[in-house]
Protein chains: 2
Amino acid sequence: MSEQPAGGDLSRLRQLNASAVLRELRGDQPLTLTELSKRTRLSRASTEDVARDLVGRGWLTEVAPASGSVGRPARRYRFNAGAGRLLGIDIGGHKALALVTDLDGEVLNQSRIEIPADAGRRERLAALDRCVAKALAGGSGGEIWATGVATTGLVDGTGKVMLSDSLPEWTGVDLGAHVRRLAPGPVRVENDCKLAALAETWRGVARYAKDVVFLLAGLRTGAGLIIDGKLHRGFANWSGEIGALPAAGWQQAPEHLTQWLDTTTQTTSHSSDGVDGFERVFVAARVGDRGALAAVEGYVRDLAVGASALVLTLDPQLVVIGGGFSRSADVMVEPLRRELDRWCLRTPEIRVSAFADEGVALGAVRLALDEVESTITTGLRP
Amino acid sequence: MSEQPAGGDLSRLRQLNASAVLRELRGDQPLTLTELSKRTRLSRASTEDVARDLVGRGWLTEVAPASGSVGRPARRYRFNAGAGRLLGIDIGGHKALALVTDLDGEVLNQSRIEIPADAGRRERLAALDRCVAKALAGGSGGEIWATGVATTGLVDGTGKVMLSDSLPEWTGVDLGAHVRRLAPGPVRVENDCKLAALAETWRGVARYAKDVVFLLAGLRTGAGLIIDGKLHRGFANWSGEIGALPAAGWQQAPEHLTQWLDTTTQTTSHSSDGVDGFERVFVAARVGDRGALAAVEGYVRDLAVGASALVLTLDPQLVVIGGGFSRSADVMVEPLRRELDRWCLRTPEIRVSAFADEGVALGAVRLALDEVESTITTGLRP
């Protein structure tokens, strides 16, 4: 809106202008100064000024003029995604996963370490340390500009785990402080369901949607909400926790699957098999085993009560199914759609996450990128 | 962000500038050109230009210079709330209520007509017509610039009632088209729970909060959601309908109250008594009648299941209780808090609506005001 800034606001305006130029260049196409000036509505002189400054900081790169241009070929600029690195970490019940990416979120290096479900806090943190060290040693080069961490449990603004139901010994761990010792730059920590939802709107199947309910269907059942294009956190960052309400059906939902496993598995316990153990129910259901089909339907019926509550509350454009069981979505989607049709006034589109199990970590990368992009406007980054 | 607009964007920029000036003047204080220029970050010349234009259009009024100012007294401007009128209509199961207000939403005139619950569509629309005619004849002067209509049921973007559970004959009525014949200017129609929520954040007990769950507790139970400071509508405007899910408990909740009424009322039927009939349960509970207390607690217990689902999903800052039963909130709030404590991870603050029964109509006024404010930026209003 500002036509002429007050004197004291000049440097702030410079940052806003820089931010506007960077926003236009986050697409794949390099742009000329004329194109940038038109898109940002900045004057040609201001645009040139900002571009020169950003090239000096390493954010922008000059590329060769477009061939076939008439007259004096115009300089073009593109965002230099290689200027820095982002680190995204997923620390959960069964694994640690770390991704090193460029500033566009392209994965350059990754490492993964399995963790026993019954590991204590110290053992889990030690596995996290090894996982991060391995990812950073992967030779992708470049400095880590920011780190995002996804964890099971509810997280406060400082990066501390306030409450973890699935890993009780995890409650109280100061994950932010721990990870700040592992990598340079700012560290942000967030709940894994929330970041999985974020990943779907950034790089996944929900890219086109502004209102999304993400369902984590796996050993745990959880939800992440995208409202009006933004991750909805809530007043104290405790959103998406409808699963805590018994009437939502999520607490009992996996029991249908474990009961089938109990009746078919006489000798070994399934409890340490994790998602792979449950996979057997879905495999049996897929080939028409009636008991397995009934178990999956019972699971979906309970899942659908809480899912319907979310849909009726928010009226989203899209429901995305992610989490370990989403690999078996082919046997889940139709029963789920039928149950939603039964309870909801309008059943939204249902899509299955296309990520293997890197969705949560990718959401953590997006969180790190948010941090970097917010530093652009405050001018903290050299 | 724009320093210098492209030639063709000049008139658009003028509208944006006018909008910025008006925004600053929506507060109670008149402002000088210097103050306006500072707050809008527009140049002094642009500010003067815009102010002159808006005075000509009737939006702004010049007021006397502040007394005691040194040197040549500076002209001051204030928003002219009297330039036009807004009409807010609430058409529900038992009444029609119409408010005529100034552009600040100050009520200048109102009318109210009781409607039998079993009235047909034609009878209900005729009552609406009489109610609006009476409000407009009230002699408040000035032209209606925009109208907001609140109705029971779900509404589409054109002002048609898509679905009404409580008034089945109301489904399909084209309320937008009907009201456009009653008043000049644009007409917008919206669901009554949504507008009641809007009224609470605009003029009610939720003014300070950005994330609010509004509960309509009355003959019907419903919800309206404010998320990140805005009314959440959802993809097809079907949000807030968690009450449609049996597991949420809202469908059976009022039965606790009707059962008590049935056992204590031998001779007359309570069914046509509306909210006032139910009032007797709350009155009896207030003086310690054990049966009535149990009935209220049963009602609150069922209400709290759906309310907990909303709180766990959204983690709002505030829950507001409105609707007919909110007059009896003194016997409801503590049991509700206990139930929320039981199910929720974090119980938000609970407040009771301070409106008598004009909250919904006031939300309709706010909808009309949104319409007027959106025309400012598109320059439709003379």
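Which residue forms a salt bridge with D228(A), and how far apart are the closest N and O atoms? The partner is K230(B), and the closest N and O atoms of the pair lie 2.6 Å apart. This pair belongs to a predicted model in which 49 residues of chain A are in contact with 49 residues of chain B, and the points below take up the domains of chain A, the relation between the two copies and the interface.

**Domains of chain A**
- The domain assignment divides chain A into three parts, with domain 1 covering 8-79, domain 2 made up of 83-198 together with 359-378, and domain 3 covering 207-352.
- Taken over C-alpha atoms, the centres of domain 1 of chain A and domain 2 of chain A are separated by 33 Å.

**Relation between the copies**
- A turn of 180°, combined with a shift of 0.0 Å along the axis, lays chain A on chain B with an RMSD of 0.1 Å.
- The two copies are thus related as by a two-fold rotation axis.
- Of the interface residues of chain A, 100% are also interface residues in chain B, so the copies meet through the same surface.

**Extent and contacts of the interface**
- About 4,500 Å² is buried between chain A and chain B, and carbon and sulfur atoms give 62% of that area.
- Two salt bridges are found across the interface of chain A and chain B, one of them being the pair of K230(B) and D228(A).
- Between chain A and chain B, 18 residue pairs are in polar contact, counting those with both residues at pLDDT 80 or more.

**Make-up of the side of chain A that touches chain B**
- The elements of chain A that give two or more residues to this side are the helices α1 (10-25) and α9 (290-314) and the strand β12 (221-227).
- Of these elements, α9(A) gives the most to the side that touches chain B, with seven residues.
- Sorted by class, the side of chain A that touches chain B has 25 nonpolar residues, alongside 13 polar and 11 charged ones.

Note on methods
Residues are numbered from 1 along each chain as its sequence is written. Chains are lettered from A and ligands numbered from 1 in the order in which they are written. This is a predicted model: local features need pLDDT of at least 70, side-chain atom pairs count only at pLDDT 80 or more; totals for chains, interfaces and linings use all residues. Side-chain values use heavy atoms; hydrogens and water are left out. Domain bounds come from an automatic or database domain assignment. Copies are superposed by least squares on the C-alpha atoms of residues with pLDDT of at least 70 in both. Contact means heavy atoms within 4.5 Å. Buried area is the accessible area (1.4 Å probe) that two parts lose on being put together, summed over both. A salt bridge is a side-chain nitrogen of Lys or Arg within 4 Å of a carboxyl oxygen of Asp or Glu. A polar contact is a pair of N or O atoms within 3.5 Å; within protein, one must be able to donate a hydrogen and the other to accept it, and residues adjacent in sequence count only if both atoms are side-chain atoms. Helices (H or I, at least four residues) and strands (E, at least two) are DSSP runs, numbered from the N terminus. Ala, Val, Leu, Ile, Met, Phe, Trp, Tyr, Cys and Pro count as nonpolar, Asp, Glu, Lys and Arg as charged, and the others, Gly among them, as polar.
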